[in-house]
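Thank you all for making time this morning. I would like to walk through one model with you, and I will try to be careful about what can be read from it.

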Amino acid sequence: MRHRYLLRMVIGLMGIPFVLVAILPVVGHAYDLKPVKVAQDTYVLIGFMEDFTLKNGGNIVNTGFIVTKEGVVVIDSGPSKNYGMAMREAISRISDKPVIRVYVTHFHPDHFLGNQAFDASIISALPGTIQGISKNGPGFLDNMYLLVDKQMRGTDVQLPGLQVREGTEHFGKHHLQVLALAGHTDSDLALFDKTTGVLFAGDLVFNNRALTTPHANIDQWVDSLGRLEELAFTV
């Protein structure tokens, strides 16, 4: 029952309790990313509740960003270089601060193929995620070109340049607890902003849709949900 509560509380990448967001169709393979504010300084870009298609351009992921005094912190770069560039444009409508960190939560393609829009030196992931991108990235990329076509043009695999481990990282007044978990893949990053109470759960949590399980270990997944439930998250 506790796990069901968490699933209701956290939507995909990040929890958004009691928020209803209208998703507009992708027109002409152009990403129309609209930041939704969910807490102080904190925004989410919500993807389609469906599988990869030519029409959605691979935008089936929830990504997010935090505007801090030092700069902008991004959570997941999306499914293509074009998405990453569209994310940068969406961020610029909210803040003129530079992006100073990009966290990649795991090695599935809709979470890291936008890396090219950012300098590798600011992209951070768990060691296992970097290994997973290195091993699986080229195959994921080929498959995404087949599924998404035009929106993938110019996209290539770019590895994160930084390794992150469990602990707390500080950006201005925002204190991000880094959790190294597993279950959806063998290396799942979750971020808990102690300042705002926002939990970025990655794909450890799905809401109103079937789990994707090609690299899943269900026992580890349940254990990870238990760790997430111990956090005093509010969003």
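**The seven-stranded sheet**

Let me begin with S6 and S7, which pair in the parallel sense over two bridges; within this pairing, Ala 125 has Gln 163 in S7 as its bridge partner. Please keep in mind that what you see is a predicted model. These two strands belong to an open sheet of seven strands, ordered S1-S2-S3-S4-S5-S6-S7, whose pairing is mixed. Its edges are formed by strand S1, residues 36-39, and strand S7, residues 162-163, each of which pairs on one side only.

As for the chain as a whole, it has five helices and eleven strands, and of its 235 residues 55% count as buried. If we take the contacts between residues at least 6 apart in sequence, 67% of them join residues at least 24 apart.

Now to confidence, which I expect this group to ask about. The protein chain averages a pLDDT of 90, and 88% of the residues score at least 70. Over residues 1-29, however, the pLDDT is below 50, although this stretch has 77 contacts in the model beyond near neighbours in sequence. Where pLDDT is low, the predicted coordinates should not be read in detail, and I will leave that stretch aside.

Which residues have the most contacts inside the largest nonpolar core? They are Leu 33, Val 74, Met 87, Val 99 and Phe 118, in a core of 34 residues. The elements that give two or more residues to this core include strand S2 (42-45), strand S3 (63-67), strand S4 (72-75) and strand S5 (99-103), together with helix H2 (81-92) and helix H4 (127-148). H4 gives the most, with six residues. To take one core residue in detail, Val 74 touches, among others, Phe 65, Met 87, Ile 91, Val 99 and Tyr 103, leaving out residues up to four places away in sequence. Tyr 103 itself is included in a second, separate core of 18 residues, along with Val 164, Leu 176 and Val 198.

Helix H4 deserves a closer look. Its buried residues include Pro 127, Ile 130, Ile 133, Phe 140, Leu 141, Met 144 and Val 148, and what covers the buried residues of H4 includes helix H3 (109-112), as well as S6 and S7, the pair I started from. Where does H4 bend? The bend, of about 55°, is at Asn 136, and a proline, Pro 138, follows within four residues. After the helix comes Asp 149, whose phi is positive, near 65°.

Finally, let me turn to the other sheet, which is open and has four strands in the order S8-S9-S10-S11, with antiparallel pairing. Strand S8 (167-171) and strand S11 (198-200) are its edge strands, each pairing on one side only, and neighbouring strands are turned by 25° against each other on average, direction ignored. Strand S10, residues 188-193, is joined to S11 by three bridges, and the two run antiparallel; across this pair, Leu 191 stands opposite Phe 200 in S11. Which helix packs on this sheet? That is H5, residues 218-229, which touches strand S9 (174-181), S10 and S11, and whose direction makes about 160° with that of S9.

Methods
Residues are numbered from 1 along each chain as its sequence is written. This is a predicted model: local features need pLDDT of at least 70, side-chain atom pairs count only at pLDDT 80 or more; totals for chains, interfaces and linings use all residues. Side-chain values use heavy atoms; hydrogens and water are left out. Two strands pair if DSSP finds at least two bridges between them. Axes are lines fitted to C-alpha atoms, for helices over the stretch in contact, and angles run from 0 to 180 degrees between N-to-C directions. Contact means heavy atoms within 4.5 Å. pLDDT is the predictor's confidence in each residue, from 0 to 100. A nonpolar core is a set of buried Ala, Val, Leu, Ile, Met, Phe, Trp, Tyr and Cys residues joined through side-chain atoms within 4.5 Å. Buried means under 20% relative accessible area, exposed over 50%, partly exposed in between (1.4 Å probe, protein chains only). The bend at a residue is the angle between axes fitted to the seven residues ending there and the seven starting there.
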